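Biologist: I would like a close look at one part of this model, please: its interior, and whatever is packed around it. Take your time, and connect the pieces as you go.

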Amino acid sequence: MSGVQDELEIKFRLTDGSDIGPKSFPAATSVATLKESILSQWPKEKENGPRTVKDVKLINSGKILENNKTVGECRSPLYDIPGGITTMHVIVQPPPLQKDKKVPNEQKQPKCMCVIL
């Protein structure tokens, strides 16, 4: 009986409402491993897909899951429903824009000026 509870059925809900899974994961699986699974199963036809694990945020029970936690540590009482499938929401964080990082010194000067007529 404990072997059944060590496996969790998880599906991943994307922002457009489509799903990846469900798939069975051991309770000892890390959140980072879940994200790697999402990357490998990401639909190729979808635009703006994640490029790395850092681009993916997983939300379960209203909490953003940390990469170093295991699925077992993120459990809520709802996981104990026999045969239940857990839905985790997937958020793709867009990469930062290159333009914002490189601001020339000239643009940092104050923009106000006085004009006397």
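**Inside the fold**

Modeller: Among contacts in the protein between residues at least 6 apart in sequence, 58% join residues at least 24 apart. Keep in mind that this is a predicted model. The protein has 117 residues, of which 24% count as buried. About 8800 Å² of the protein is exposed, and carbon and sulfur atoms supply 55% of that area.

Let me set the frame before going inside. There are 3 helices and 5 strands, and from the N terminus on they follow the order α-β-β-α-β-β-β-α. The 5 strands make an open sheet with mixed pairing, in the order 2-1-5-3-4. Strand 2 and strand 4 (63-64) are at the edges with a single partner strand each, so each has one side without a neighbour in the sheet.

Now the pairings, going across from strand 2. Strand 2 and strand 1 are antiparallel and share 6 bridges; Leu8, for example, has Phe25 in strand 2 as its bridge partner. The hairpin of these two strands has 5 residues between them, and there Gly17 adopts a positive phi near 95°. On to strand 5: strand 1 pairs with strand 5 in the parallel sense, over 5 bridges, and Phe12 has Met88 as its bridge partner in strand 5. Strand 5 (residues 85-92) also runs antiparallel to strand 3 (residues 56-60), to which 4 bridges join it. Here Lys57 stands opposite Ile91, and Ile59 has His89 as its bridge partner. Helix 2 (residues 31-41) lies across strand 1, strand 2, strand 3 and strand 5, and runs at about 115° to strand 3.

That brings us to the interior itself. The largest nonpolar core has 17 residues, and the ones with the most contacts inside it are Ile10, Phe12, Leu34, Ile38, Leu58, Met88 and Val90. At least two residues of this core come from each of strand 1, strand 2, helix 2, strand 3 and strand 5.

Phe12 is a good residue to centre your view on. Not counting residues up to four places away in sequence, Phe12 touches Ser18, Asp19, Ile20, Phe25, Leu34, Ile38, Leu58, Met88 and Val90. Met88 therefore appears in two roles, as a contact of Phe12 and as the bridge partner of Phe12. Both Phe12 and Phe25 are buried.

How many aromatic pairs does the model hold? The count comes to 1 aromatic pair. The ring centres of Phe12 and Phe25 are 6.1 Å apart and the ring planes stand at 70°, so this pair is edge-to-face; the cut-off for that class is over 60 degrees. Phe12 is in strand 1 (residues 7-13) and Phe25 in strand 2 (residues 19-26), so the pair ties together parts 13 residues apart in sequence.

Phe25 also leads to helix 2. Ser37 has its place in that helix and counts as buried because its relative accessibility is 9%, where the limit is under 20%. Leaving aside neighbours within four places in sequence, Ser37 is in contact with Lys23 and Phe25.

Two loop residues complete the picture. Leu65 lies in the loop between strand 4 and strand 5, and its 8% relative accessibility is why it counts as buried. Beyond its neighbours within four places in sequence, Leu65 has contacts with Val31, Lys35, Leu58, Asn60, Cys74 and Met88. Leu58 and Met88 are among the core residues with the most contacts. From C-alpha to C-alpha, Leu65 and Ala32 are 9.3 Å apart, with a separation of 33 residues in sequence.

The other residue is Val53, found in the loop between helix 2 and strand 3. With neighbours within four places in sequence left aside, Val53 is in contact with Ala32, Lys35, Glu36, Leu39 and Asn67. The C-alpha atoms of Val53 and Leu34 are 9.3 Å apart, while the two residues are 19 apart along the chain. Lys35 is thus a contact of Val53 and of Leu65.

Technical notes
Residues are numbered from 1 along each chain as its sequence is written. This is a predicted model: local features need pLDDT of at least 70, side-chain atom pairs count only at pLDDT 80 or more; totals for chains, interfaces and linings use all residues. Side-chain values use heavy atoms; hydrogens and water are left out. Rings of Phe, Tyr and Trp (its six-membered ring) pair if their centres lie within 6.5 Å; planes under 30 degrees apart count as stacked, over 60 as edge-to-face and the rest as tilted. Buried means under 20% relative accessible area, exposed over 50%, partly exposed in between (1.4 Å probe, protein chains only). Two strands pair if DSSP finds at least two bridges between them. Contact means heavy atoms within 4.5 Å. Axes are lines fitted to C-alpha atoms, for helices over the stretch in contact, and angles run from 0 to 180 degrees between N-to-C directions. A nonpolar core is a set of buried Ala, Val, Leu, Ile, Met, Phe, Trp, Tyr and Cys residues joined through side-chain atoms within 4.5 Å. Accessible areas come from the Shrake-Rupley method with a 1.4 Å probe; for residues, only the protein chains shown count as cover.
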